[in-house]
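Open the model in your viewer and get ready to select residues by number. We will go from stop to stop, and at each one you will hear what to pick and what is there.

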Amino acid sequence: MSKNRKTSRPLVAERRQTRKQASTPKRGRATRSRAKTRRPRGLVGWLLFPFVWVFRLILRLMIVIGIAGAVTLGVVVWYFAQQMPPVADMVDGRTRGSVTLLDRNGDVFAWRGDQYGGMVTAQEVSGYLHDAIVATEDRRFYSHFGISPRGVASAIRINLREGRGPLSGNGGSTITQQTAKLLCLGVPYDPDTWKNEREYEADCRRTTIQRKIREAIYAMGMEAAYSKEEILSIYINRAYLGEGARGFEAAAQRYFGKSARAVDPAEAAMLAGLLKAPSSYAPTSNMGRAVDRAAVVISLMEEQGYITPEQARDALENPATLSQAAQARAGGYFADWVMSQGPDFFTRNTTEDVVIRTTLDQGIQTAAETALLSVFDSKLSEGSNVEAAVLVMSADGAVRAMVGGRDVRAQSAFNRATQAQRQTGSAFKPFIYATALDLGFSPNDLIDDAPLTITVPGSGPWRPDNYDREFKGPVTLTQALYESRNIPAVVLSEEVGRELVSTVASGFGIDSELAAGPALALGVSESTLVEMSGAYAGILNGGSAVEPYGLVDLRLQGDDAPLMDNVGTGMQERVIQERAARQLTYMMNQVVVRGTGTRAQIDGWELAGKSGTTNSQRDAWFIGFNADYVIGVWMGYDDNSPMKGVTGGGLPADIWRETMRRVVAGQQPKPLPMDIPGPARNDTLSSTGIVADSQILNVLDNILGGLGGN
């Protein structure tokens, strides 16, 4: 028994062992096979089985499509990356060049075209500017790969909340995407495809889902091809920042007169703030708005740790200020006029960067602007929209200042100093007296101021009248001029020959078509302020014509030798003898001393001038000079409607005086180049008087042959 117990295995232990072995799953192919072939159990399992199967199928298809899409995207991004040119070839994308205008002292006063200050890298610009751009435009710039899904989602949410379309307004674009848009996704400007560069840029800015996808792919291609700093460098050089400035270097020079390498936190914030809306936030158009926008940028820089609270407070308390040239914005009308004096391929349509040296004097320009505004502010009726123009010129024709309208800061506007053709009125009379004096008349010769009737063929009798409706009988030529009497002017014009008067006026630079009838003497012909002022300059310089000019020389930026030199030298051929010019200057001096121009007087200064007023006071002129400068003033309405109570000896003379007073401030008075007249030459001249044919022929020889030199 005992032996049998030792050799037999306990039944209970054997059963436990069997259960333990049965509970342990066998690993291997058979187990996996059973798991794959497992079927749902129960009614619910059978009902859900089709849906589970479809879900698994869709999931697998999505994984396959995702992998294929990722591979395709990678190939496309790699392709774009391979097409990217060197960074240096992408920083200047302008299709037209710039024009920088210098005044007579070599200081910049205006810019035209697309200004580009030269390449500056992200590492070279001021650290404040670098950080301001990143803080404002893309705080995650250094952590994303060209696109920011979080930024896009945030922008869509903001747009929808404000009632716009999902892609309208905020775009959520990264700096890389903005750079891709600036590059027009690599599509260059083609004049055969787009009408102009503006249309090309508008097409590049279009926002559609398809274009946003292309933009994102191109941006990732840039990230693959360039470093972050290279992308930022392209952006810094390509961004438009208002006032024609392309890139931050040009903008820093344009607004602050310094390099982008040297801007401080306040200036950096104002420049970075321009990126949102360059035209709206340009400090030259609205400094208050620019300062407010800069304050937002400063807050972002402080919030993101780019500047300390102390630096932020200092920048807010001391906002950026414009450079003197940017603040003055002087000579807009003058700059536009000078641009028209050079060839189009070096001015309006230049593809090069050009520098033009001009005759402008910024001090005199400011004098003309402030004089006009001060008279209008103090003496013009509120709500009046009457216009005016002022021009200051040296005796040789060099234009020193030009104001083409009441909006003295206007650019690319209608220029009333050069474009407005207006009747000259009595401002034309000096050319009649110039003709007579050149023929040998004396300023003391008598002429009859009496009723006059002239029969005009085809029109019948014409009876001119004086402004005061009175007749004074015999008066000297000097008195007839300083009182601006019409009858003596007509009599003298008919006596010397209106054709000869027209020849003298044309010789002095009045290029407009002159009237053929006797009314020529009353200034019914039209001219511009720049023409009339240039003609008066011919009287001041002794009788030689001048050609008004503003362009001195033109050169390519960086070149020493000019491409055009001494354009418009001013002095032309002699028109009348110097003796006649000096006598006429005396007569015009009497206009200011005791005639219609007494409101132009300045204590201690010898001045000469002539007023002019047309019918119904539609135009009012005062043009005159001292020993150095001619100043011309015109007033009137653009629609040629009559003014009320305005004559040439009134408000225009006031503007003239205020301009001249500012121009000569601090200078010692100089005598006018004039001769006191001798005794009278003839008896009283009436409508029956006559001048010898030989005298007329001699004067014609003088004018047409240029006798006497310059």
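## Stop 1: a helix and its partner

Select helix α22 and look at Leu500, Val501, Ser502, Val504 and Ala505: these residues are buried. Keep in mind as you go that this is a predicted model. Just after α22 comes Gly509, which has a positive phi near 115°.

Now add helix α19, residues 429-438, to your selection, and keep α22, residues 498-507, on screen. The axes of these two helices come within 9 Å and cross at roughly 110°. Angles from 65 to 115 degrees count as roughly perpendicular, and α19 and α22 are therefore roughly perpendicular to each other.

Which residues make the contact between α19 and α22? On the α19 side, pick Phe431, Ile432, Ala434 and Thr435; on the α22 side, pick Leu500, Val501, Val504 and Ala505. Sorted by class, this contact of α19 with α22 has seven nonpolar residues, one polar and no charged ones.

## Stop 2: an open sheet

Next, show the strands β2, β1, β5, β15 and β16. Those five strands form an open sheet, in the order β2-β1-β5-β15-β16, with mixed pairing. Which strands stand at the edges? They are β2 (108-113) and β16 (564-565); each has a single partner strand, so one side of each is left without a neighbour in the sheet.

Zoom in on β5, residues 354-358, and β15, residues 551-556: these strands run antiparallel and are joined by five bridges. To see one pairing, pick Val355, whose bridge partner in β15 is Arg555.

Then switch on helix α17, residues 332-341. Helix α17 lies across β1 (98-102), β2, β5 and β15, and runs at about 55° to β2.

## Stop 3: a covered strand

Select strand β20, residues 629-636. Is β20 mostly covered or uncovered? Mostly covered: eight of its eight residues are buried. Colour the two faces separately to see how this works. One side carries Tyr629, Ile631, Val633 and Met635, the other carries Val630, Gly632, Trp634 and Gly636, and all of these are buried.

Now bring in the strands that pair with β20. Strand β6, residues 387-394, pairs with β20 in the antiparallel sense over eight bridges. Within that pairing, Val392 has Ile631 of β20 as its bridge partner. Strand β19 also pairs with β20 in the antiparallel sense, over seven bridges. β19 and β20 form a hairpin, with three residues between them. For an example pair, select Asp619, whose bridge partner in β20 is Gly636.

## Stop 4: salt bridges

Side chains of opposite charge can pair when their charged atoms come close. How many salt bridges does a search of the whole structure find? It finds 32. Let us visit a few.

Stay with Asp619 and add Arg422: their side chains meet in a salt bridge, 2.6 Å from N to O. The pair links distant parts of the chain, with Asp619 in strand β19 (residues 619-625) and Arg422 in strand β8 (residues 422-423), 197 residues apart. Asp619 is buried, with a relative accessible area of 2%, and Arg422 is buried too, at 7%.

For the next pair, pick Glu124 and Arg261, whose side chains meet in a salt bridge of 3.5 Å, N to O. Glu124 lies in the loop between β3 (115-116) and α5 (127-137), and Arg261 in the loop between α11 (248-256) and α12 (265-273), so the pair ties together parts that are 137 residues apart in sequence. Glu124 is partly exposed at 39% relative accessible area, and Arg261 is partly exposed at 42%.

Finally, go to Arg599 and Asp654, a salt bridge whose closest N and O atoms are 2.4 Å apart. Arg599 is in the loop between α24 (578-594) and β18 (608-613), while Asp654 is in helix α25 (residues 651-663), 55 residues away in the chain. Is Asp654 buried or exposed? Asp654 is buried, with a relative accessible area of 1%, whereas Arg599 is partly exposed, at 39%.

Before you close the viewer, add Lys379, Arg657, Glu658, Arg661 and Arg662 to that last selection: together with Arg599 and Asp654, these residues are linked in a network of salt bridges.

Terms used:
Residues are numbered from 1 along each chain as its sequence is written. This is a predicted model: local features need pLDDT of at least 70, side-chain atom pairs count only at pLDDT 80 or more; totals for chains, interfaces and linings use all residues. Side-chain values use heavy atoms; hydrogens and water are left out. Axes are lines fitted to C-alpha atoms, for helices over the stretch in contact, and angles run from 0 to 180 degrees between N-to-C directions. Helices (H or I, at least four residues) and strands (E, at least two) are DSSP runs, numbered from the N terminus. Angles under 35 degrees count as roughly parallel, over 145 as roughly antiparallel, 65 to 115 as roughly perpendicular and the rest as oblique. Contact means heavy atoms within 4.5 Å. Ala, Val, Leu, Ile, Met, Phe, Trp, Tyr, Cys and Pro count as nonpolar, Asp, Glu, Lys and Arg as charged, and the others, Gly among them, as polar. Two strands pair if DSSP finds at least two bridges between them. A salt bridge is a side-chain nitrogen of Lys or Arg within 4 Å of a carboxyl oxygen of Asp or Glu. Buried means under 20% relative accessible area, exposed over 50%, partly exposed in between (1.4 Å probe, protein chains only).
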